[in-house]
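Here is a report on a protein model, written for someone meeting it for the first time. Keep the picture open while you read.

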Amino acid sequence: MDNQYELLTLFTDGGFMMYPLILCSLIAIGVMLAKAWTLTVAHRDSQRLLREIETLGMSGRLSEAIATAEETRGPVAAILLAGLRRLRDRRAGARADGKDIQKAIATTGVIELDFLERGLTVLGTIANVAPMLGFLGTVIGMILAFQAIEIAGQVEPGLVAGGIKVALITTATGLSIAIPVNIGYNYFVTRIDRLILDMEEGAQEVLGLIWDLEDRGHRHTA
């Protein structure tokens with residue numbers, strides 16, 4: 001109860017600049033939770049999927065490989081699925097060459113990458129804006145302190161204490177928001193970079209199947 005009272009007191013003493021700061025913190029928490037869940041699902045079982053697709057593809061079980069990719073969520077599965085479907089169409093006699101398959105993989109990769117990076121701009125903006133809002137609160141607090149001195153006509157610690165308190169609270173709040181948000185932003189960028197490597201590995205997996213099937217076809221023709 002005392003802790004709750006102290007938090008409410010700090011919020012009140014921080015002045016109206018606390019409202020945008022709290023709003024920034026709530027938005028950041030929501031985005032970070034959503035991003036953590038999205039990246040966890042995207043990364044889960046990606047390496048296992050690559051191994052399964054390689055095994056099924058090399059043994060010619062293309063339909064099973066497509067079914068496995070369809071049942072798995074994430075960008076790696078989406079890229080594999082796009083390439084495998086084009087490869088199936090090609091084997092069925094449809095007009096699809098290696099370039100078409102590469103284009104389908106590249107297009108899917110761009111879409112999935114955009115989805116993975118969604119929300120990072122919001123986190124980056126909050127990490128930059130929160131300290132600035134805190135410093136703005138600092139300036140407002142100092143203005144209030146000097147205004148109190150001007151009204152009283154003399155300098156007394158009690159007169160300036162309120163303004164300085166506002167300045168310190170808003171600055172501390174802005175930095176308290178920006179620091180973890182910045183750490184989260186860098187962490188998510190690292191996770192996305194790892195997923196990009198998995199996506200590239202998935203693309204190479206499908207292209208490797210294409211060249212392998214073509215090589216087999218040339219041998220049978222010969």
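I196 sits in helix 8. In this predicted model, its relative accessibility comes out at 23%, so I196 counts as partly exposed, being between the 20% and 50% cut-offs. Follow the chain back and you'll get to P75, which is 121 residues away from I196 in sequence, yet the two C-alpha atoms are 8.7 Å apart in space.

I196 also helps to line the second largest pocket, along with I79, I105, A106, G109, L113, M199, E200 and A203. Which elements give two or more residues to that lining? They are helix 6 (98-117) and helix 8 (157-221). The volume of this pocket is about 150 Å³. Sort its lining by class and you get seven nonpolar residues, one polar and one charged.

Now zoom out for a moment. How many helices and how many strands are there in the protein? There are eight helices and zero strands, so reading from the N terminus the elements go α-α-α-α-α-α-α-α. The protein has 222 residues, and buried ones make up 38% of them.

Next stop, helix 2, which covers residues 18-43. With 26 residues at 1.5 Å each, helix 2 should span 38 Å, and its end C-alpha atoms are 37 Å apart, so the two values agree. The buried residues of helix 2 are M18, L21, C24, S25, A28, V31, K35, T38, L39, V41 and A42. Notice that K35 is on that list of buried residues too.

You can try the same check on helix 3, residues 46-58. Its 13 residues should span 18 Å at 1.5 Å a residue, and the end C-alpha atoms are 18 Å apart, which agrees. Which residues of helix 3 are buried? They are S46, L49, L50, I53, L56 and G57. These buried residues cover an arc of only 140 degrees around the axis, so they end up on the same side of helix 3. Turn to the other side of helix 3 and you'll find R51 and T55, which are exposed.

Helix 4 (residues 62-70) has its own buried set: L62, A65, I66, T68 and A69. Looking down the axis of helix 4, you'd see these buried residues fall within an arc of 160 degrees, and so they line one face of the helix.

A couple of pairs link helix 3 and helix 4 in the picture. L56 belongs to helix 3, and with 9% relative accessibility it counts as buried, because the cut-off for that is under 20%. L56 is 10 residues from I66 in sequence, with their C-alpha atoms 9.4 Å apart. A67 lies in helix 4, and its relative accessible area of 30% makes it partly exposed. A67 pairs up with I53, which is 14 residues away in sequence and 10.0 Å away in space, C-alpha to C-alpha.

Further along is L133, in helix 7 (residues 120-152). L133 is buried, since its relative accessibility is 16%. Its partner here is M17: the two are 116 residues apart in sequence, but 7.1 Å apart in space, C-alpha to C-alpha.

Here are those pairs side by side, so you can look them up in the structure.

| Pair | Apart in sequence | C-alpha to C-alpha |
|---|---|---|
| I196 and P75 | 121 residues | 8.7 Å |
| L133 and M17 | 116 residues | 7.1 Å |
| A67 and I53 | 14 residues | 10.0 Å |
| L56 and I66 | 10 residues | 9.4 Å |

One last thing to hunt for is a salt bridge, and the structure holds one. Which side chains meet in it? Those of D114 and R118 do, at 3.6 Å from N to O. Are these two residues buried or exposed? D114 has a relative accessibility of 47%, so it counts as partly exposed. R118 comes out at 51%, and because the cut-off for exposed is over 50%, R118 counts as exposed.

Conventions. Residues are numbered from 1 along each chain as its sequence is written. This is a predicted model: local features need pLDDT of at least 70, side-chain atom pairs count only at pLDDT 80 or more; totals for chains, interfaces and linings use all residues. Side-chain values use heavy atoms; hydrogens and water are left out. On a 1 Å grid over the protein atoms alone, a cavity is a set of points where a 1.4 Å probe fits but cannot get out, and a pocket is an open set with protein on both sides within 12 Å along at least five of seven lines; lining residues have an atom within 4 Å of a point. Grid points are joined across faces, edges and corners, and a volume is the space filled by probe spheres set on the points. Helices (H or I, at least four residues) and strands (E, at least two) are DSSP runs, numbered from the N terminus. Ala, Val, Leu, Ile, Met, Phe, Trp, Tyr, Cys and Pro count as nonpolar, Asp, Glu, Lys and Arg as charged, and the others, Gly among them, as polar. The expected span of a helix is 1.5 Å times one less than its number of residues. Buried means under 20% relative accessible area, exposed over 50%, partly exposed in between (1.4 Å probe, protein chains only). The arc is that of the directions from the helix axis to the C-beta atoms. A salt bridge is a side-chain nitrogen of Lys or Arg within 4 Å of a carboxyl oxygen of Asp or Glu.
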